[in-house]
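This report describes a structure chain by chain and then turns to the contact between the chains. Please consult the sequence and the coordinates alongside the text.

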Amino acid sequence: MEASPVKLDNGTARWQDILRSGAEAVAVPLLAVLGALVVFGIFVSLAGVNPFETYNLMYAGAFGSWFSWQNTLTRAAPLILTALCCALPAQLGMVVIGGEGALVIGGLAAAAISQTLPDAAPLVVQLAMAMAAMAAGAAWIALAGGLRHWRGVNETIASLLLVYIAIAVFNHLVEGLLRDPASLNKPSTPHIGDANMLSTIPGTDIHWGLAYGIIACVLAYILIYRTTFGFGMRVAGGNVKAARMVGLPVGKLVLVACGLAGAAAGLAGMVEVAAVHGKANASLIVGYGYTGILVAFLARHNPLAIIPVAILLGGIGASGGLLQRRLGLPDATVLVLQGLIFIAILTSEVLYGRLPWLKKVKA
Amino acid sequence: MSADLLGWWGVPLAVLAGAIRVSTPFLFVSLGECITEKSGRINLGLEGTLVMGAMSGYAVSYLTGSPWLGVLAAGCAGAVFGILHALICSLPRVNDIAVGIALMLFGIGLAFFLGKPFIQPQAPNLPSIPFGNWSDNAQVRDSLRINALFLIGVVLAPVLLWAFRNTRWGLILRTVGDSADAARALGYAINRVRTFATAGGGFLAGIGGSFLSLSYPGSWSEGLSSGQGITAVALVIFARWNPMLCFWASLLFGGAAALGPALQSVGITQGYYLFNAAPYVLTLLIMILTCSRDRTLAGAPGELGVTR
């Protein structure tokens with residue numbers, strides 16, 4: 001932008017500033033995704049597939065019809081919740097990547113508690129499942145946060161180790177104590193009962209888990225940007241020493257942020273069990289937790305931005321089946337694209353403040 | 001004593017044999033990560049590098065018929081990932097932990113994509129050296145068949161320790177890792193040193209991956225690695241950035257990972273999945289015991305963000 005010859009008053013300049021940084025926050029990630037798509041196109045053409053046909057099919061599989069939109073939004077629901085698991089601790093400057101573990105433990109807790117309430121009303125069972133899943137997930141990630149705070153254990157490594165421990169506990173219980181004897185080839189917990197399944201949003205095939213996710217994002221946004229607690233989180237994220245100096249309870253901030261993060265991912269597990277599978281089995285462990293990390297980084301850890309980004313990534317996931325059937329590409333194609341987007345988004349950090357048409361006006 | 005009468009003694013024997021067998025990938029990844037972290041950067045992407053190495057090693061071994069070419073290819077694939085990590089990290093404002101996570105996911109995805117055609121065919125495996133031929137017990141003989149890659153790792157650990165302490169390269173590496181300012185003042189190109197260190201680390205991690213697909217378990221599948229890469233990264237912290245301690249720690253972790261299958265072999269199947277989690281629980285416990293919130297760890301490279 002050219003320096004304006006007309007002297008602007010302070011108000012207008014401030015608004016221009018907000019507008020410019022807003023435009024930058026949208027433009028840079030978009031450029032990164034576009035760049036990743038171009039590299040992905042080159043990649044599939046090396047694999048002998050027409051890239052434009054691939055793009056076309058991906059669009060059709062993700063957003064091309066009402067049917068694919070429903071598929072996309074159904075997949076976006078757990079991604080929104082697992083992304084929150086990464087985005088909330090990120091406000092404190094922590095990199096938590098154990099959302100998959102909290103999801104698995106949450107789903108297991110939900111399936112287990114439904115078995116103890118055989119005669120309760122569906123609403124009671126659903127509420128109990130959600131509470132159990134959130135409590136289990138919260139404990140799981142709060143453990144990583146607590147270890148960081150009290151013992152200085154790196155939370156990134158600890159949370160990832162907890163994923164593998166969660167999966168081991170999950171397998172142990174699903175193959176043992178909680179196994180439905182009727183599930184022969186694929187060990188599962190007993191079905192939670194058709195009456196207890198989460199219903200769909202009227203007029204669609206999308207389950208209510210999507211609404212849970214959106215509500216959780218709005219609440220997280222209010223917590224981070226509109227409360228004293230959230231302000232404390234952001235101060236501690238900027239400079240822990242300064243936060244301690246002014247007397248902020250850093251330990252409490254870490255534990256609560258990690259607990260809420262784990263609760264969100266645990267809820268994702270409950271939603272998958274109560275709305276999609278009806279029981280806990282290996283189908284739960286498909287990597288929503290890891291894709292959630294990517295969603296959070298793409299959204300720059302802003303809870304409201306998580307919603308559209310999760311829909312975009314849900315769409316990419318939804319189109320995977322179509323790429324497999326029509327073009328014979330392996331199911332890992334989606335993982336390759338996700339990895340490329342992740343690399344591109346981190347590389348694009350360089351572009352902030354450097355895009356020629358969005359440069360700051362010098363006073 | 002015949003093989004059938006070995007009975008309960010089979011458990012410690014199987015744990016020992018398993019420790020040697022299972023520890024090899026831990027050993028290579030941790031030695032590689034040790035080099036990288038000495039330069040002041042952490043590469044969390046070694047899990048992806050490990051899987052990528054396993055796939056490319058197996059594929060090249062299958063296509064050329066030579067497992068050692070496979071090992072070389074795995075190392076090169078790992079080095080390419082290391083260079084990628086280093087190049088992205090050398091950009092301003094880019095966080096090395098986040099880049100590691102991205103490369104972990106990308107490496108796993110790429111390996112699954114390219115490795116699809118190699119799940120079925122059987123590639124030639126790496127040779128093992130029979131050290132147990134003096135015994136007429138089949139179980140003992142089987143346990144003491146030690147893979148050549150493990151022996152290379154055994155030699156590599158003290159060599160690295162010596163090189164860190166006594167060579168010019170080792171000194172440059174440690175200077176860059178301990179104080180970037182001092183290294184800059186001495187005129188060393190920090191990014192170039194770190195790129196070499198990360199590429200070397202990736203090379204070793206790739207070789208660690210090739211052990212998985214070419215020796216034990218000895219075939220390529222998508223479930224081949226379950227966190228060995230990330231456990232090895234944690235192990236370096238536990239080993240205080242000392243290659244010899246990395247070696248002993250790898251043996252310990254290999255033994256922990258071999259506990260479940262060893263108990264299963266004598267008929268204890270209860271808690272099989274929980275025993276599988278033993279290395280992760282052990283890693284976590286050791287990190288809890290050895291880390292502290294108040295001080296940086298002894299021996300930690302000064303520029304390393306992960307311990308601050």
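The account below treats overall architecture, selected helices, loop residues and the interface in turn. The model is predicted.

**Overall architecture**

Chain A is built from 13 helices and 0 strands. Read along its sequence, the pattern is α-α-α-α-α-α-α-α-α-α-α-α-α. Chain B also has 13 helices, together with 2 strands. Its radius of gyration is 20 Å, close to the 19 Å that the globule rule gives for 308 residues, so chain B is as compact as a globular protein of that length. For chain A, a compact globule of 363 residues would have a radius of gyration near 21 Å, and the value of 22 Å for the chain agrees with this.

The C-alpha trace of chain A spans about 80 × 60 × 40 Å along its principal axes. The C-alpha atoms of chain B, treated along the principal axes, fill a box of roughly 65 × 45 × 35 Å.

Buried residues account for 52% of the 363 residues of chain A and for 55% of the 308 residues of chain B. In chain A, 76% of the contacts with a separation of 6 or more are between residues 24 or more positions apart. In chain B, 77% of the contacts between residues at least 6 apart in sequence join residues at least 24 apart.

**Two helices in detail**

Helix α10 of chain A covers residues 250-277, and α9 of chain B covers residues 190-214. Their spans and burial are set out below.

| Helix | Residues | Expected span | Distance between end C-alpha atoms | Buried residues |
|---|---|---|---|---|
| α10(A) | 28 residues | 40 Å | 39 Å | 23 of 28 residues |
| α9(B) | 25 residues | 36 Å | 36 Å | 22 of 25 residues |

For α10(A), the expected span follows from 1.5 Å a residue, and the distance between the end C-alpha atoms agrees with it. The expected span of α9(B) rests on the same 1.5 Å a residue, again in agreement with the distance found. With 23 of its 28 residues buried, α10(A) is largely enclosed by the rest of the structure. Helix α9(B) is mostly covered. After α10(A) comes Gly278(A), which has a positive phi near 80°.

**The packing of α5 and α6 in chain A**

The axes of α5(A) and α6(A) come within 9 Å and cross at roughly 145°. The crossing of α5(A) past α6(A) is right-handed. On the α5(A) side, the contact is made by Trp140(A), Ile141(A), Leu143(A), Ala144(A), Gly145(A), Leu147(A) and Arg148(A). The α6(A) side contributes Glu155(A), Ala158(A), Ser159(A), Leu162(A) and Ala166(A). By class, the residues of this contact divide into 8 nonpolar, 2 polar and 2 charged.

**Loop residues of chain B**

What is the form of the peptide bond from Tyr216(B) to Pro217(B)? This bond is cis, with omega near 5°. Pro217(B) lies in the loop between α9 and α10 (228-238) of chain B.

The loop between α10 and α11 (243-265) of chain B holds Arg240(B), and Trp241(B) is found in the loop between α10 and α11 as well. Arg240(B) is a residue other than glycine with a positive phi, near 55°. Trp241(B), which is not a glycine, has a positive phi of about 60°. Are these residues buried or exposed? Arg240(B) has 15 C-beta neighbours inside 10 Å and therefore counts as partly exposed. Trp241(B) counts as buried because 23 C-beta neighbours lie inside 10 Å.

**The contact between the chains**

The contact takes 37 residues from chain A and 39 residues from chain B. On the side of chain A that touches chain B, α5 (122-151), α6 (155-174), α11 (288-298) and α13 (333-347) each supply at least two residues. That side of chain A comprises 24 nonpolar, 10 polar and 3 charged residues.

Leu91(B) illustrates the contact at the level of one residue. Not counting residues up to four places away in sequence, Leu91(B) touches Thr347(A) and Val350(A). Leu91(B) is located in the loop between α3 (67-89) and α4 (96-115) of chain B. With 14 other C-beta atoms within 10 Å, Leu91(B) is partly exposed. Its C-alpha atom is separated by 9.6 Å from that of Asn191(B), although the two residues are 100 residues apart along the chain.

Definitions and conventions:
Residues numbered from 1 in each chain as written. Chains lettered and ligands numbered in written order. Predicted model: local features only at pLDDT ≥ 70, side-chain atom pairs only at ≥ 80, totals over all residues. Helix = DSSP H or I, 4+ residues; strand = E, 2+ residues; numbered from the N terminus. Rg over C-alpha atoms; globule rule 2.2 N^0.38 Å. Buried ≥ 20, exposed ≤ 12 C-beta atoms within 10 Å, placed from the backbone. Contact = placed C-beta atoms within 7 Å. Nonpolar A, V, L, I, M, F, W, Y, C, P; charged D, E, K, R; others polar. Expected span 1.5 Å × (residues − 1). Axes fitted to C-alpha atoms, helices over the stretch in contact; angles between N-to-C directions. Left-handed = near helix turned anticlockwise from the far one by under 90°.
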